[in-house]
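User: Hi! Could you take a close look at the salt bridges in this model for me?

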Amino acid sequence: MADFKKPQDPNWVATFSLKRNADKNPQDPSTSNRPDLVLSDSDKMNAKTNKPYRKNFTIDGVWMEASAYIQEDKSLKITIKKTGTGNGAAAQPASPPLEEAPW
């Protein structure tokens, strides 16, 4: 298992690992819209599907999920999606609250 301590680089945001998607079959056109690479599997199993969960990661306390698609020119297109709302802290108002109207 890799060491997942936060690097000392101040520009570092997140580190994650991707693996080939076992649910994608190149010969089956019905799976062509699935990502080529997905996050590695967690140790926890989903009771409904009997498949392991993906190892999601956080950026600034918000849970993220990554996937990648191999393009025609063999480059990678990586997609990172927000899967959670984070630590649940209430958003700060954009402006201070107004005083009550005198009438």
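User: To start with, is Asp-23 buried or exposed, or somewhere in between?

Analyst: Happy to help! This is a predicted model, and in it Asp-23 is partly exposed, with a relative accessible area of 32%. Its side chain meets that of Lys-51 in a salt bridge, at 3.3 Å from N to O. Asp-23 sits in the loop between β1 and β2 (37-39), while Lys-51 sits in the loop between β3 and β4 (52-54), so this pair ties together parts that are 28 residues apart in sequence. Lys-51 is partly exposed too, at 40% relative accessible area.

That pair belongs to a count of four salt bridges. Among the others is the one between the side chains of Lys-19 and Asp-41, at 3.0 Å from N to O. Here distant parts of the chain are linked: Lys-19 is in strand β1 (residues 18-20) and Asp-41 is in strand β3 (residues 41-45), 22 residues apart. Lys-19 counts as partly exposed at 30% relative accessibility, and Asp-41 is partly exposed at 27%.

Asp-41 also forms a salt bridge with Arg-54, whose closest N and O atoms are 2.6 Å apart. Since Asp-41 lies in strand β3 and Arg-54 in strand β4, the pair ties together parts that are 13 residues apart in sequence. Arg-54 is partly exposed, with a relative accessible area of 27%.

Putting these contacts together, Lys-19, Asp-41 and Arg-54 are linked in a network of salt bridges.

Note on methods
Residues numbered from 1 in each chain as written. Predicted model: local features only at pLDDT ≥ 70, side-chain atom pairs only at ≥ 80, totals over all residues. Heavy atoms only, no water. Helix = DSSP H or I, 4+ residues; strand = E, 2+ residues; numbered from the N terminus. Buried < 20%, exposed > 50% of the residue type's maximum accessible area, 1.4 Å probe, protein only.
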